[in-house]
Amino acid sequence: MNSPSKALPVAQSIIGNINPQQLLALLVGEVNDWVKVIQEEGTKRTAIDAQRQVMLAQIDARRDIFITYLERSFDERAVNFDALFTRLEAACTAGNSADIATILGAITALAAKSPFADLHDLDLVKANLGDADYEWVV
Amino acid sequence: MPLPLVPVAIVLGLSALGGLVSGGRGAQQALSAKAINKESSLRHESALSDHKAAFSSAEGKVIAYGNFQASVLSATLVAWLTWLEANERKVRMLDHASVEGIYVHEIDLPTLRSNVEAARGIISGGVTALGAGFAAQQLALNGVGIFATASTGTGIAALTGAAQESAVMAWLGGGSLAAGGGGVAVGASMITGLAIAPALLVGGLVLGREGEKSLTRAHAFAAEVDVACAEIAVQISLLELIDQRIKELTEVLNRLDQHAQTCMVTLTALDFSPEHHATEFQAAAIAMKAVSEVLDAPLLNNEHEPSQQSLHIVERYAS
């Protein structure tokens, strides 16, 4: 059985090997590093969240532009196709070959132009959507 | 002189306590990071699954339109081809003739013949080694002009997993994660090289620092997934609008086909004479040309830009 009198010298021999100044410097340095990292990482997370909000807003805005443009394009094209086929019937009834050829050419030209092709130029789409006087060639 | 035992013991005790606090916080942050990563990965997988479903739906509609194109080719244009072959000598007499100011252009019989045969192949399911589904898909996307070239494409992959290089994905855009999920580390551990230090302060502080950093990395990953999911949602919306384009072209092709069939009925009822029936021939030829041009219209990209004159005609007749 160890007597308390023997433990004290052991403790003293261990503690006696510790350099208090070095220990203090180490501990203070590590604490400072830890506090600094908490602050830095917190700042980074705030910046990440802010950037995320900006990017999501941009994507939403772009999506709204694309969908509005395409839906408007398809609506206008449907009206145009209806009008062209109505005139085609009239031209056929009248036997007007020249008009028939011209109208069929217009129908195929409109069909060949896909509304999706313009989506590459976002600036163009935005500018045209915002310009009330712009005449859409659909 | 040995250090006083009690003060040093107090310092070491406080250090151990501080180590527990900082280490505990660090471990908590690391666990939060792990949870955020897992949730983000699941969200991204769900978005990719939704995209895949939307893509499959669009693909099915594209193939259906391609089959419709093939049916028009193999019915209406077959009737035209048959009549032309039966009256080839008489039709040649009309070459460069003018009907009401519109010249009758030479008809490319070999190409028409080839397109019709290819369309019959799609209908019967035996056109290429890749299968009728691929051919119908290509017909819908690129128009009848595809029959003029050998098919050396990637087949069904053009509209499936490798869609990033296809015409559909090219204009849809999207970032690295939105392009198909490549590179996303699913469930990656954000705690690497973390040494579980002893209970003294220094070990706890190391744990604390690593925990903070892992939480930041998790935030960055979650933000990237949010952006990717938003991009995927845009693509899904655009895929759904492809159906609008298909319906538009189907309607136009249907009406032109009916007009062309009417012209064919008129023409075939005649005992054709180039001197007396140039007008009827002209009407049928122009109608068939219109059908061919819409068959050649690409679904998405403009390969053949219409002239400004044609578009102004649209404005005049549609107003």
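# Briefing: a predicted two-chain model

Chain A has four helices and zero strands. The model is a predicted one. Chain B has eight helices and two strands. This briefing starts with the two chains, then turns to helix α3 of chain A, helix α7 of chain B, and the spaces lined by residues of both chains.

**The two chains**

- Read along its sequence, chain A follows the pattern α-α-α-α.
- Chain A holds 138 residues, and 34% of them are buried.
- Take the contacts in chain A between residues at least 6 apart in sequence: 69% of these join residues at least 24 apart.
- From the N terminus on, chain B runs α-α-β-β-α-α-α-α-α-α.
- Chain B holds 319 residues, and 47% of them count as buried.
- For chain B, contacts with a separation of 6 or more are 81% between residues 24 or more positions apart.

**Helix α3 of chain A**

- Helix α3 of chain A covers residues 97–112.
- Its 16 residues should span 22 Å at 1.5 Å a residue, and the end C-alpha atoms are 22 Å apart, so the expected and computed spans agree.
- The helix is mostly covered, with twelve of its 16 residues buried.
- Among the buried residues of α3(A) are A:S97, A:I100, A:A101, A:I103 and A:L104.
- Further along α3(A), the buried residues include A:A106, A:I107, A:T108, A:A109, A:L110, A:A111 and A:A112.
- At the start of α3(A), A:N96 places a side-chain oxygen within 3.3 Å of the backbone nitrogen of A:A98.
- A:A101 sits in this helix.
- A:A101 has a relative accessible area of 18%; the cut-off for buried is under 20%, so A:A101 counts as buried.
- A:A101 and A:A91 are ten residues apart along the chain, and their C-alpha atoms are separated by 9.5 Å.

**Helix α7 of chain B**

- Helix α7 of chain B covers residues 278–295.
- α7(B) has 18 residues and reaches 25 Å from its first C-alpha to its last.
- That reach is close to the 26 Å expected at 1.5 Å a residue.
- Buried residues of α7(B) include B:A278, B:F281, B:Q282, B:A284, B:A285 and B:I286.
- Also among the buried residues of α7(B) are B:A287, B:M288, B:A290, B:V291, B:V294 and B:L295.

**The second largest cavity**

- The structure holds two cavities of 30 Å³ or more.
- The second largest cavity contains about 30 Å³ of space.
- Its lining is made of A:S97, A:I100, B:Q282, B:A283 and B:I286.
- Two elements give two or more residues to this lining: α3 of chain A and α7 of chain B.
- α7(B) has the largest share of this lining, with three residues.
- By class, the lining of this cavity has three nonpolar, two polar and no charged residues.
- Two of the lining residues, A:S97 and A:I100, are also buried residues of α3(A).
- On the side of chain B, the lining residues B:Q282 and B:I286 are buried residues of α7(B).

**The second largest pocket**

- The second largest pocket contains about 420 Å³ of space.
- This pocket is lined by 17 residues.
- Nearest the pocket centre lie A:C92, A:I100, B:H259, B:T262 and B:C263.
- At least two lining residues come from each of α2 (20–94) and α3 of chain A, and from each of α6 and α7 of chain B.
- α6(B) gives the most to this lining, with six residues.
- By class, the lining of the pocket has six nonpolar, eight polar and three charged residues.
- A:I100 appears in the lining of the pocket and in the lining of the second largest cavity.

**B:H259**

- B:H259 is found in helix α6 of chain B, which covers residues 201–268.
- With 12% relative accessibility, B:H259 counts as buried.
- Setting aside neighbours within four places in sequence, B:H259 contacts A:L88, A:C92, A:I100, A:L104 and B:A287.
- Of these partners, A:I100 and A:L104 are buried residues of α3(A), and B:A287 is a buried residue of α7(B).

**B:E88**

- B:E88 lies in helix α2 of chain B, residues 88–93.
- B:E88 has a relative accessible area of 28% and is partly exposed.
- B:E88 and B:L109 are 21 residues apart along the chain, and their C-alpha atoms are separated by 9.4 Å.

Definitions and conventions: Residues are numbered from 1 along each chain as its sequence is written. Chains are lettered from A and ligands numbered from 1 in the order in which they are written. This is a predicted model: local features need pLDDT of at least 70, side-chain atom pairs count only at pLDDT 80 or more; totals for chains, interfaces and linings use all residues. Side-chain values use heavy atoms; hydrogens and water are left out. The expected span of a helix is 1.5 Å times one less than its number of residues. Buried means under 20% relative accessible area, exposed over 50%, partly exposed in between (1.4 Å probe, protein chains only). A polar contact is a pair of N or O atoms within 3.5 Å; within protein, one must be able to donate a hydrogen and the other to accept it, and residues adjacent in sequence count only if both atoms are side-chain atoms. Contact means heavy atoms within 4.5 Å. On a 1 Å grid over the protein atoms alone, a cavity is a set of points where a 1.4 Å probe fits but cannot get out, and a pocket is an open set with protein on both sides within 12 Å along at least five of seven lines; lining residues have an atom within 4 Å of a point. Grid points are joined across faces, edges and corners, and a volume is the space filled by probe spheres set on the points. Ala, Val, Leu, Ile, Met, Phe, Trp, Tyr, Cys and Pro count as nonpolar, Asp, Glu, Lys and Arg as charged, and the others, Gly among them, as polar.
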